[in-house]
Amino acid sequence: MKRVHKAYTIILFIFVLAYIKAEAQNPNWSPPLGSSFQFSANVIAEIKFSDVASNNVNDAVAFFDGAEIRGLGNVVSLGNGLYRHFITVHSNQALDTLTLKVYHHGTDHVYEVQQPFIFQSQSITGSVDNAYS
């Protein structure tokens, strides 16, 4: 009887771990307080993993200067499985170099984009039809 109870306990533990992994949470990024910065710009982005567009509403994109978040995407469904991330990016410099990080819900992992983003005050990067990616 103890063996059966132990086996059920192990199986239950495995199911709990699988559930926790399936319910992965984003990295809890919070958008920056825009009034703390002098300059802003806008980005309309599309998340791609291995050149395949993300169709998961839980994937996220954020812009950083070091560890400080400078912009966080708001995802909008365009229909037909298309998503765009609308981001207001902030800086205290009119021209700045920022890094991008992308959260992939399916793997529960944050990836840092290798190419830096060049911030230019009052610019608009990307569009609904031709998103930044």
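**A sheet, two cores and a surface patch**

Val43 sits opposite Thr125 of strand β11. That puts us in a handy spot to start looking around this predicted model. The strand β1 covers residues 39-45, and its pairing with β11 is parallel, running over 2 bridges.

Zooming out, these strands belong to an open sheet built from 4 strands, and the order across it is β6-β7-β1-β11, with mixed pairing. The edges are taken by β6 (74-79) and β11; each has just a single partner strand, so one side of each has no neighbour in the sheet.

Now for the inside. Val43 turns up again in the largest nonpolar core, which counts 13 residues. Along with Val61, Phe63, Ile87, Val89, Phe117 and Phe119, Val43 is among the residues with the most contacts inside that core. Several strands chip in: β1, β4 (60-65), β7 (82-91), β8 (95-104) and β10 (117-120) each provide at least two of the core residues. Ile87 is a good one to click on, as its contacts beyond four places away in sequence include Val43, Val61 and Phe63, plus Gly71, Leu72 and Gly73. There is also a second, separate core, made of 7 residues, with Ala60, Ala62, Ile69 and Tyr103 among them. As a rule, nonpolar side chains in soluble globular proteins tend to be buried together.

Not every nonpolar residue here is tucked away, though. On the surface, a nonpolar patch is formed by Val76, Leu78, Leu82 and Val128, which together have about 280 Å² of accessible area. Val128 lies in the segment that follows β11 (124-125). With a relative accessible area of 36%, Val128 counts as partly exposed.

Methods
Residues numbered from 1 in each chain as written. Predicted model: local features only at pLDDT ≥ 70, side-chain atom pairs only at ≥ 80, totals over all residues. Heavy atoms only, no water. Patch = residues over 30% accessible without salt bridge, like charges linked within 9 Å, V, L, I, M, F, W, Y side chains within 5 Å. Areas by Shrake-Rupley, 256 points an atom, 1.4 Å probe, with all protein chains shown as cover. Salt bridge = Lys/Arg side-chain N within 4 Å of Asp/Glu carboxyl O. Buried < 20%, exposed > 50% of the residue type's maximum accessible area, 1.4 Å probe, protein only. Pairing = 2+ DSSP bridges. Core = buried A, V, L, I, M, F, W, Y, C linked by side-chain atoms within 4.5 Å. Contact = heavy atoms within 4.5 Å.
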